[in-house]
Amino acid sequence: MDREDHKSDDGRKSLLKCELLTPRQRRSMHPSWIWWSEIGSPRYVCAPMVYQSETAFRRLVTSLGGCNLAYTPMMHAEHFVLDMPSAKSHIEDIKQDHVADRKYPLIAQFCSTDPEEFVAAALKVQDYVDAVDLNLGCPQRTAEIGGFGAFLMDHAELVASIVSHARSRLRVPICCKIRIFEDIERTLAFTKLLEESGCSILAVHARTRQQRHHEGDPLKATVNEIVQNVNIPVIYNGGIQSKCDADKAMDITGASASMSAGALLRNPLLFSDDITSHTSSLHHACMYLRFAEAFPPPSSRYIRDHLLAILQHEFDMMGHIDIFDMLSRNQAVRTLHQFRLCLRVLADRKLRKQEVSALKLTYRIGINVGNNNDDESAKFHDDVIKGCNIKKNLNNLETYVPQDLINTPLLSLHFIKKQGNSNRYIKWNQKDTDNFKTAVTSIEDNGSDEDREIDYGHIFDKAIN
């Protein structure tokens, strides 16, 4: 037998051996699955979010929130090619995460419509991330105008060119995040094309681009078809509101992981089994500010957007129109100290609500308990007050809120005031301090904070929502 016949025989044996393997065994030998295993076979994923999945937030959701894979914010490849300030700030943010010994796998996401542009941008960050992702899922108007995101899916050949070109030029794996077509056969053909072009991980939002505002239920059955159609890991995305939702989605679709965006923004501890995942939004907001102090975001907009998302329930239920305006419209509120002061006001209001609730409960129930026994009535009153923890006990306070938030007097909020009848706020002069109660009418300051016996830590842990 000559050499060529020997090679041909070996090839037939290898093919026969491969055919004897089960689909699961063949899949485990795929390079994408080997890499997926190397990064820990993650199950809970922080989605790429514009202005909101920066290092500070990623550190929070991966160290305390249960996520074991995260994406950067969506970045414009064109900005990297043009060396724009926004690109520099993204690189600095990714670098600070890398330098600080990042423990979780990170995927950098870019939007682009040009193979060379995508590769040029990816080359600038590939040394600091584990993979690079092509955004094929953004359904917003800006994506439609720019022809990127979900609207690039209409140009399958161009998408294949971008993915294959990147696969040949980069050292890290290439991933894609997509939406589905209304036609399931078109969806399956598109996902198979991505795999054949070199895509290593496929994240699928189980809605069409027409459902840009998340109308309707996600189509889990379509994702299940995709999982069976490709030989690479699939991440499910769409309608995940809890860890239970994530687990159910993986069971139904067969996906390897579940991804969350909006729900994770509102509750950064969404995927955590820890009891702190059920504490108040003020608790979560203070935790985020701690990470923002350690890993400064590219701009104050990130902090503002995170606090508005985390405190959404607080604003919906309780109003706090003045604080909402300060966070959402006031350009003077831009430092960590100022953001903490806003939380300090919310904390004080929540405590006062507790005090009123405790006294009302004492009046309504305690008086009946003590009809025949004054001592018993007094004991009930003390138990109610003790239950609300209206005492100064700072032993574990650092667990809930930075110490400087507690030590800052309410009147230090003199840095804000309304300008005329508009919604714009400007910095106060020192002499404007006396007008503080006019700007924030719902706060009644009864003397200095030092004279008041308050455990603010309790507010963040067991406050009435």
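The legends below accompany close-up views of a predicted model.

**Figure 1. Overview of the chain and its secondary structure.** The predicted chain holds 22 helices together with 11 strands. Of its 465 residues, 50% are buried. When contacts with a separation of 6 or more are considered, 71% of them join residues that stand 24 or more positions apart in the chain.

**Figure 2. The largest nonpolar core and the surroundings of F110.** This core, the largest in the model, has 91 residues, and those with the most contacts inside it are F110, L136, L194 and Y288. Helix α14, which covers residues 281-294, gives the most to this core, contributing 8 residues. Apart from it lies another core, made of 16 residues, including W35, I39, Y71 and M259. Around F110, once neighbours within four places in sequence are left aside, one group of contacts is formed with residues that come earlier in the numbering, among them M75, H76, A77 and F80. Further contacts of F110 include F118, A121, A122 and V125, as well as V132, D133, L134 and N135.

**Figure 3. Helix α4 packed against helix α14.** Helix α4, residues 55-63, packs with α14 at an angle of about 125°, and the axes of the two helices are 8 Å apart. Because of that angle, α4 counts as oblique to α14. The crossing in which α4 passes α14 is right-handed. On the α4 side the meeting residues are A56, F57, R59, L60 and S63, while on the α14 side they are M287, Y288, F291 and A292. Sorted by class, the residues in this contact are 7 nonpolar, 1 polar and 1 charged. An α-helix has 3.6 residues a turn, so residues three or four places apart point the same way.

**Figure 4. Burial of helix α4, with R58 in detail.** Helix α4 is mostly covered, with 8 of its 9 residues buried. These buried residues are T55, A56, F57, R58, R59, L60, V61 and T62. R58, which is found in helix α4, has a relative accessible area of 0% and is therefore buried. Its contacts, leaving aside neighbours within four places in sequence, are S53, A70, Y71, T72, P73, D93, D97, Y104 and L106. The C-alpha atoms of R58 and C46 are separated by 7.4 Å, although these two residues are 12 residues apart along the chain.

**Figure 5. H90 in helix α6.** H90 belongs to helix α6, which spans residues 85-99. With a relative accessible area of 13%, H90 falls among the buried residues, because buried means under 20%. Not counting residues up to four places away in sequence, H90 touches P73, M74, M75, F80 and Y302. Two of the residues touched by H90, M75 and F80, are also in contact with F110, and P73 is touched by both H90 and R58.

**Figure 6. Helices α10 and α11.** The axes of helix α10, residues 184-197, and helix α11, residues 220-229, come within 10 Å and cross at roughly 40°. In this crossing, α10 passes α11 in a right-handed manner. From α10, the contact is made by I184, T187, L188, T191, K192 and E195, and from α11 by T222, E225, I226 and N229. By class, the contact of α10 with α11 has 3 nonpolar, 4 polar and 3 charged residues.

**Figure 7. Two partly exposed residues, E144 and S242.** E144 lies in helix α8, which runs over residues 141-146, and its relative accessibility of 38% makes E144 partly exposed. Leaving aside neighbours within four places in sequence, E144 is in contact with F151 and R212. Between E144 and R209, which are 65 residues apart in sequence, the C-alpha to C-alpha distance is 10.0 Å. S242, by contrast with the helical setting of E144, is found in the loop between β8 (234-237) and α12 (243-253). S242 has a relative accessible area of 24% and so counts as partly exposed. With neighbours within four places in sequence left aside, S242 is in contact with L270 and F271. S242 and N267 are 25 residues apart in sequence, and their C-alpha atoms are 9.3 Å apart in space.

Technical notes: Residues numbered from 1 in each chain as written. Predicted model: local features only at pLDDT ≥ 70, side-chain atom pairs only at ≥ 80, totals over all residues. Heavy atoms only, no water. Core = buried A, V, L, I, M, F, W, Y, C linked by side-chain atoms within 4.5 Å. Buried < 20%, exposed > 50% of the residue type's maximum accessible area, 1.4 Å probe, protein only. Helix = DSSP H or I, 4+ residues; strand = E, 2+ residues; numbered from the N terminus. Contact = heavy atoms within 4.5 Å. Axes fitted to C-alpha atoms, helices over the stretch in contact; angles between N-to-C directions. Parallel < 35°, antiparallel > 145°, perpendicular 65-115°, else oblique. Left-handed = near helix turned anticlockwise from the far one by under 90°. Nonpolar A, V, L, I, M, F, W, Y, C, P; charged D, E, K, R; others polar.
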